[in-house]
Amino acid sequence: MTNIVIIGGGQAAGQAVASLRQEGFEGKIDLIGEEPSLPYQRPPLSKAYLSGALEASKLLVRPEKFYQDRDVATHLGSPVKHISPQERTVTVGETEFSYDKLLIATGGRPRKLTLPGSDLSGIHYLRTLQDVDNIRAHMATAKNLCIVGGGYIGLEVASVAVTLGVTVNVLEMESRILQRVTTPFMSDFYHQLHTERGVHIHTETTCQGFRGQSGKVSHVLCGNQEIEADLVIVGIGIIPNIELAETAGLACDNGILVDDHCKTSDDNIFAAGDCTNHPNALLNRRLRLESVPNAMDQARTAATNMLGGDKTYATVPWFWSDQYDLKLQMLGFSQDADAAVLRGDPGTRQFAQFYLSEGKIIAVDAVNSPKEFMVAKQLHGVAVSPEDLANLDVDLKSLVPST
Amino acid sequence: MPSVKFIEHNGTEHVVDGTNGDSLMMIATSNLVPGIDADCGGECSCATCHVLVDASWVDKLAPATETEESMLDLNPDRESNSRLSCQIPMSDELDGIVINLPEFQY
C-alpha cells in the first residue's frame with residue numbers, strides 16, 4: 001500500500017495523520033481540507049479563544065513543521081468534488097488523487113435557520129476558526145447578544161459574553177436548556193448559574209425571524225416578543241457532512257455508517273469523527289457523536305485498521321464544557337439511568353451527580369470535581385454502594401480496585 | 001532550544017527540541033512520541049497525558065494545581081512524581097528534563 005488520502009481538516013484528520021506515521025506508514029499521505037487552516041482544536045473556539053485568552057497559533061493540533069517533517073502533503077482550502085470508489089480516486093477541482101485507502105473525516109456543519117431575516121448581517125454560527133474570528137470582531141462593539149439555542153455551545157458563548165459586559169439573551173425552544181443532552185437536575189443548575197450571572201434565559205421560546213436596519217440585525221422575533229440584538233449567535237445543532245459519501249454510494253443513515261473498525265460499506269474507505277454513525281458495543285447501540293475524544297479515538301482506530309491492523313473501537317463517550325469558572329466533565333448517557341446519586345452540594349459549585357442502572361455506575365456529571373469524573377471513568381459498569389458514593393467522608397479512591 | 005528526553009515504558013528514548021511556553025504534552029505529540037493520548041488537547045480535562053517526571057527534576061516544576069492533583073489521584077499508575085504533561089510549560093530552566101512515560105493512559 002502506498003497512498004492514503006484523508007478528506008477533512010479537523011481533529012480526526014489531524015490525529016489520523018499522526019497515528020499513521022506513528023504506526024510506521026511510510027507511503028504518501030494527502031490531507032485534503034476544506035478550511036484554510038491546518039487541523040486545529042475546536043473546543044476552545046467557544047471558550048478560551050472566544051474570550052481572547054488563547055491565541056490562534058495555540059489551537060493547531062500540531063505545528064506546520066510537523067506536516068513538513070513527516071512528509072504529509074496538505075491541500076488546504078480545497079473542497080472535494082467527488083469520490084470514486086471504483087477508480088479509488090478523490091477529485092478536487094481538476095486534480096485527481098489516487099488512494100489505496102481513504103479516510104473520510106468531514107465532520108459536521110451548523111444547522112442553519114431559514115427564517116425571515118436570517119441572512120441579515122450580525123447573525124453568526126459557530127463551528128470554525130473563521131466563524132469565531134467574525135464573532136470576535138462583532139463582539140468588541142456589541143451591546144446586546146442574542147443566542148438562539150440553549151445547548152453547550154450557546155451557554156459557553158453566553159458565559160464569555162456576559163463576563164465581557166455584553167447583555168445576553170438565550171432563546172430555548174424546549175422547556176429547559178440542555179434538554180437534549182442532560183437531566184433536568186443539571187439543566188436547573190446551569191439555568192440558575194447563568195441567571196445569577198445576569199444572562200436572560202427564555203425557555204419555550206421559538207425564534208421566528210429577525211428584523212434589521214440597513215441590512216444589519218437589530219431584533220430577534222419570537223412570538224409577541226421582540227428582543228433587541230446587534231449580535232446573534234445560532235447554536236441549534238450540527239448536520240453531519242455525509243454528502244460526498246452518499247454520492248459515492250456509501251451506506252449512510254444519520255451519519256456515514258461504519259463498523260466497530262471505523263470501516264464504511266466500502267472495504268477501502270474508512271470514516272472517523274462527527275460525520276460517522278458507529279456501533280458502541282459497551283452501550284449496545286449505534287451513536288453519532290459530536291465529540292473530540294470520539295474523533296481522536298476513531299481516528300486512531302481507523303489508522304490502525306487502514307494499515308491492516310485489527311483494532312476495535314469501544315469507548316464510553318465523554319464530554320466537557322467550561323462555563324465561567326466551572327469545569328463540567330460528563331461521562332456516559334444519563335438517560336439510561338434508573339437512579340441518581342448526588343455527591344457534594346451544588347450550592348458550593350463543586351459536586352457530582354452519579355447515574356446508576358441496576359446498581360452500576362453508567363454516567364456522571366461532575367462540576368469542578370475531576371476526581372469524581374475519573375472514578376466514573378474507571379468504574380463504568382461496576383456496581384458501587386450509593387451510600388459510599390454520596391458520602392464525602394468516603395475517599396473515592398477506596399472504591400477503585402487497586403491494580 | 002531546550003530539549004526534553006522522553007523515555008517510553010519499554011525503554012525507548014526520544015530526545016526532542018521544544019519551544020519555550022509549549023507544554024510537554026504538545027512537545028511529545030508534535031514529535032510523535034508514543035504513549036501520550038492527550039484527548040482533550042491540553043485543557044486538564046482528561047488525564048490521558050500522564051507522565052512520570054524524573055526525580056531530579058520534580059522540584060524544578062511549579063506544583064500541580066488542585067484540578068491536576070485530583071485528576072492524577074485516581075490514576076492506577078500514580079506515583080509521587082506523576083504529572084499531567086499538558087500542565088508543564090517548557091522553559092530554559094527545564095532544558096534536558098527527563099520524562100518517563102507510563103505503559104497505559106486511562
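**Exercise 1. Work out how the radius of gyration of chain A compares with that of a compact globule of 403 residues.**

Step 1. For 403 residues, a compact globule would have a radius of gyration near 22 Å.
Step 2. Chain A has 22 Å, so the value agrees with that of a compact globule. Keep in mind throughout that this is a predicted model.
Step 3. For the outline, take the principal axes: the C-alpha atoms of chain A fill a box of roughly 65 × 60 × 35 Å.
Step 4. Now add the make-up of the fold, with ten helices and 26 strands in chain A.

**Exercise 2. Describe how chain A is divided into domains, and find the separation of domain 2 and domain 3.**

Step 1. Domain 1 is made of two stretches, 3-109 and 238-306. Domain 2 covers 112-234, and domain 3 covers 325-399.
Step 2. Taken over C-alpha atoms, the centres of domain 2 and domain 3 of chain A are 31 Å apart.
Step 3. The two domains are in contact: domain 2 of chain A contributes ten residues and domain 3 of chain A contributes 13 residues.

**Exercise 3. Characterise the burial, contacts, surface and charges of chain A.**

Step 1. Of its 403 residues, 56% are buried.
Step 2. Take the contacts with a separation of 6 or more; 60% of these involve residues 24 or more positions apart.
Step 3. Chain A exposes about 16,800 Å², and 47% of that comes from carbon and sulfur atoms.
Step 4. There are 35 positive and 48 negative side chains in chain A, and the centres of the two sets lie 3 Å apart.

**Exercise 4. Is Val160(A) buried or exposed, and which residues does it contact?**

Step 1. Locate the residue: Val160(A) sits in helix α5 of chain A, residues 152-163.
Step 2. Its relative accessible area is 10%. Buried means under 20%, so Val160(A) is buried.
Step 3. Set aside neighbours within four places in sequence, and the contacts of Val160(A) are Ser46(A), Lys47(A), Leu50(A), Ser51(A) and Met139(A).
Step 4. For a distance along this part of the model, try Tyr49(A): it is 111 residues from Val160(A) along the chain, and their C-alpha atoms are separated by 10.0 Å.

**Exercise 5. Repeat the analysis for Ile201(A), a residue in a strand.**

Step 1. Ile201(A) belongs to strand β12 of chain A.
Step 2. With 14% relative accessibility, Ile201(A) counts as buried.
Step 3. Beyond its neighbours within four places in sequence, Ile201(A) is in contact with Val170(A), Ile177(A), His191(A), His194(A) and Thr195(A).
Step 4. Leu171(A) lies 30 residues away along the chain, yet the C-alpha atoms of Leu171(A) and Ile201(A) are separated by 6.3 Å.

**Exercise 6. Examine the backbone at Glu204(A) and Arg349(A), where phi is positive.**

Step 1. Start with the background: most residues other than glycine have a negative phi.
Step 2. Glu204(A) has a phi near 50°, a positive value in a residue other than glycine. Its place is the loop between β12 (200-202) and β13 (209-213) of chain A.
Step 3. Check its surroundings too: at 61% relative accessible area, Glu204(A) is exposed.
Step 4. Arg349(A) has a positive phi of about 65° and is not a glycine either. This residue is in the loop between β24 (339-345) and β25 (350-357) of chain A.

**Exercise 7. Turn to chain B and put together a picture of its fold.**

Step 1. Chain B has two helices and five strands, which follow the pattern β-β-α-β-α-β-β along the sequence.
Step 2. A compact globule of 106 residues would have a radius of gyration near 13 Å, and the 12 Å of chain B agrees with this. Its C-alpha atoms fill a box of roughly 35 × 30 × 25 Å along the principal axes.
Step 3. Buried residues make up 56% of the 106.
Step 4. Among contacts between residues at least 6 apart in sequence, 64% join residues at least 24 apart.
Step 5. The accessible surface of chain B is about 4,400 Å², with 47% belonging to carbon and sulfur atoms.
Step 6. Chain B carries 4 positive and 19 negative charges, whose mean positions are 7 Å apart.

**Exercise 8. Which residues does Ile97(B) touch, and how buried is it?**

Step 1. Ile97(B) lies in strand β5 of chain B, residues 97-100.
Step 2. Its relative accessible area is 0%, so Ile97(B) is buried.
Step 3. Not counting residues up to four places away in sequence, Ile97(B) touches Ser3(B), Val4(B), Lys5(B), Leu24(B), Val53(B), Trp57(B) and Leu61(B).
Step 4. By way of a further distance, the C-alpha atoms of Ile97(B) and His50(B), 47 residues apart along the chain, are separated by 16 Å.

How values were computed. Residues are numbered from 1 along each chain as its sequence is written. Chains are lettered from A and ligands numbered from 1 in the order in which they are written. This is a predicted model: local features need pLDDT of at least 70, side-chain atom pairs count only at pLDDT 80 or more; totals for chains, interfaces and linings use all residues. Side-chain values use heavy atoms; hydrogens and water are left out. Helices (H or I, at least four residues) and strands (E, at least two) are DSSP runs, numbered from the N terminus. The radius of gyration is taken over C-alpha atoms; the globule rule is 2.2 Å times the number of residues to the power 0.38. Buried means under 20% relative accessible area, exposed over 50%, partly exposed in between (1.4 Å probe, protein chains only). Contact means heavy atoms within 4.5 Å. Accessible areas come from the Shrake-Rupley method with a 1.4 Å probe; for residues, only the protein chains shown count as cover. Lys and Arg count as positive and Asp and Glu as negative; His and the chain ends are not counted. The place of a charge is taken as NZ of Lys, CZ of Arg, CG of Asp or CD of Glu. Domain bounds come from an automatic or database domain assignment.
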